[in-house]
Amino acid sequence: MDERKARVCAAIDARRDVLVRFAEAVAAQPELGFFEFATARRFSRALAELGVAHTTGLARTGVKAVLAGGAPGPTVAVLGELDALPVRGHPQADPETGAAHACGHNAQLAMVLGVAHGLLASGVLDELAGRVALFAVPAEEYVQIERRLTLRREGAIEFLGGKAELLRLGAFDDVDLAMMTHNTTAPEERSFAVGGTNNGVAAKLVRFIGRAAHAGRAPHEGINALNAAHVALAAMHAQRETYRDADHVRVHPIITHGGDVVNAVPAEVRLEMFVRGASLEAIRDANRKVDRALRAGALAIGARVEVTTLPGYLPLRNDPLLLEVFRRNATLLVGPNEVTTAGHRGSSTDMGDLSQVLPAIHPYAGGAIGQGHGADYALADPERAIVNPAKAMALTIVDLLTDGAAEARRVLAAARPALTRAGYLQFMRDLLQTWQYHEPD
Ligand SMILES: [Zn+2]
Ligand SMILES: [Zn+2]
């Protein structure tokens, strides 16, 4: 490791306890997406303590600071996500909202602060050509869809995910390259797992509308919306054999409203569901089939179905050159045996959206245990979960922005983003669709 990189690592090591305490404090006050006000304030205070000017309130709770190197050059963003998600039974769950940091986003925020410490306290920032955007971003978890749609109706947001919303607002317009590190609980992924792909996702809100009637005395006069949903769910399950393994399709519905009272035929039943796939084509194909299943439920029972399809997240593409810079630095820190290659994940992230419009990477760092999104999720090893990834990202920035940012310029010259920013917004707006179906009597 060269002398500058050693200084950056020493600066991060010196603040190790501060970073770990920060992550613990965030976990102790978990908040749901677009409502991470206390978490954002905590992040803002940490930046202020470093003497770093920053902007708050981006897409409601986002916090962004831009550190300028000694010479002009490209801007590299380091992202950390602010939100927790509802996990019933998690020991640190908020008693009111159920929110818990069962995805390790609290560690991500500490990593971003670690990068800031490393580059500032070492003085290395002044030796770089370019800028570093430190960015705490809202609402990665795609949850509470109905609540977010209320925010949308109120004009508070347009898109239901944080990074989409930030893209819409132009908060990434001055960013050339982006990276973040997510934690992993998979022991076989070791200290770091780099590369891989993620499913994209579309979300659906479904309402079956029937007719209430006395469930004991006159069910023949009702139209049972729960039965219509049941038929639709059965049809969706029957479709599973038509999905190709390579497309990694996941269709997973929940019932958010199953009826009002047990002694009346359910007149309204609501579902939320995700349709995931490894490519936009796979998502579109699965979505068409799911729509058929929903119509089948309504048709069989004589109910009406109203369906809203919402843009979710796009599949993740890791920029190969940027990834190699990260891999090199991760290897420098922990050795080649501790750096693995990630495969395909059936989950989705709005880093996928960002990765379609600019060169981005989303590697994983170990140190977490339990089930991701589960009640037993915990950050067990802060060294691997926070300190190592902070160092790996800081050293990646050093490589990118050295020698007039030659490496960053090489990445940018080779990058072929799939969508322009304007094209992305158009794509997202075109995805939003509402339709209803009712077989005429
Ligand atoms: Zn998550
Ligand atoms: Zn996550």
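What follows walks through a pair of zinc sites, some strand pairing, the largest pocket and two residues in a predicted model.

Since the model is predicted, local features need pLDDT of at least 70 and side-chain atom pairs count only at pLDDT 80 or more, while totals for chains, interfaces and linings use all residues. Residues are numbered from 1 along each chain as its sequence is written, chains are lettered from A and ligands numbered from 1 in the order in which they are written, and side-chain values use heavy atoms, with hydrogens and water left out.

The zinc ions make a good starting point. Donors here are N, O and S atoms within 2.8 Å of the metal (3.2 Å for Na, K and Ca), and water is not among the atoms, so sites may look incomplete. For the zinc ion (ligand 1), the protein donors are Cys103 through SG, Glu141 through OE and His373 through NE2, at 2.0 to 2.2 Å. Along the chain these donors follow the spacing C-x37-E-x231-H. Cys103 and His373 tie together distant parts of the chain, 270 residues apart: Cys103 sits in the loop between strand E5 (99–100) and helix H4 (105–121), and His373 in the loop between strand E20 (368–369) and strand E21 (378–379). Helices (H or I, at least four residues) and strands (E, at least two) are DSSP runs, numbered from the N terminus.

Burial is judged by relative accessible area: under 20% is buried, over 50% is exposed, and anything in between is partly exposed (1.4 Å probe, protein chains only). Cys103 counts as buried because its relative accessibility is 11%, whereas His373, at 40%, counts as partly exposed.

Turning to the zinc ion (ligand 2), its protein donors are Cys103 (SG), His105 (NE2) and His182 (NE2), lying 2.1 to 2.3 Å from it. The donor spacing in sequence reads C-x1-H-x76-H. Here too distant parts of the chain are linked, with His105 in helix H4 and His182 in strand E8, 77 residues apart. His105 and His182 are both buried. The two zinc ions, ligand 2 and ligand 1, lie 3.0 Å apart, and Cys103 coordinates both.

Next come the strands, where two strands pair if DSSP finds at least two bridges between them. Strand E8, home of His182, belongs to an open sheet of four strands in the order E8-E19-E9-E16, with mixed pairing. Its edges are E8 and strand E16 (339–341), each of which pairs on one side only. E8 runs parallel to strand E19 (residues 364–365), with two bridges between them, and Asn183 stands opposite Ala365 in E19.

Strand E3 (residues 71–81) is largely enclosed by the rest of the structure, because eight of its eleven residues are buried. Eight bridges connect E3 to strand E6 (residues 129–137) in the parallel sense, with Leu79 opposite Phe135 in E6. E3 is also parallel to strand E7 (residues 177–179), this time over three bridges, and Val76 has Leu177 of E7 as its bridge partner.

Ser191 lies in the loop between strand E8 (182–183) and strand E9 (192–194). With a relative accessibility of 5%, Ser191 counts as buried. Contact means heavy atoms within 4.5 Å; not counting residues up to four places away in sequence, Ser191 touches Val334, Glu338, Tyr364, Ala365, Gly366 and Arg384. The side chains of Ser191 and Arg384 are also joined by a polar contact of 3.4 Å. A polar contact is a pair of N or O atoms within 3.5 Å; within protein, one must be able to donate a hydrogen and the other to accept it, and residues adjacent in sequence count only if both atoms are side-chain atoms.

Glu268, for its part, is placed in strand E13. Leaving aside neighbours within four places in sequence, Glu268 is in contact with Arg207, Phe208, Ala225, His257, Gly258 and Gly259. Its side chain makes polar contacts with the side chain of Arg207 at 3.1 Å and with that of Arg270 at 2.8 Å.

Finally, there is the largest pocket, at about 1,000 Å³. On a 1 Å grid over the protein atoms alone, a pocket is an open set of points where a 1.4 Å probe fits, with protein on both sides within 12 Å along at least five of seven lines, and lining residues have an atom within 4 Å of a point. The volume is the space filled by probe spheres set on the points, which are joined across faces, edges and corners. Of the 37 lining residues, the closest to the pocket's centre are Leu85, Glu141, Arg276, Ser347 and His373.
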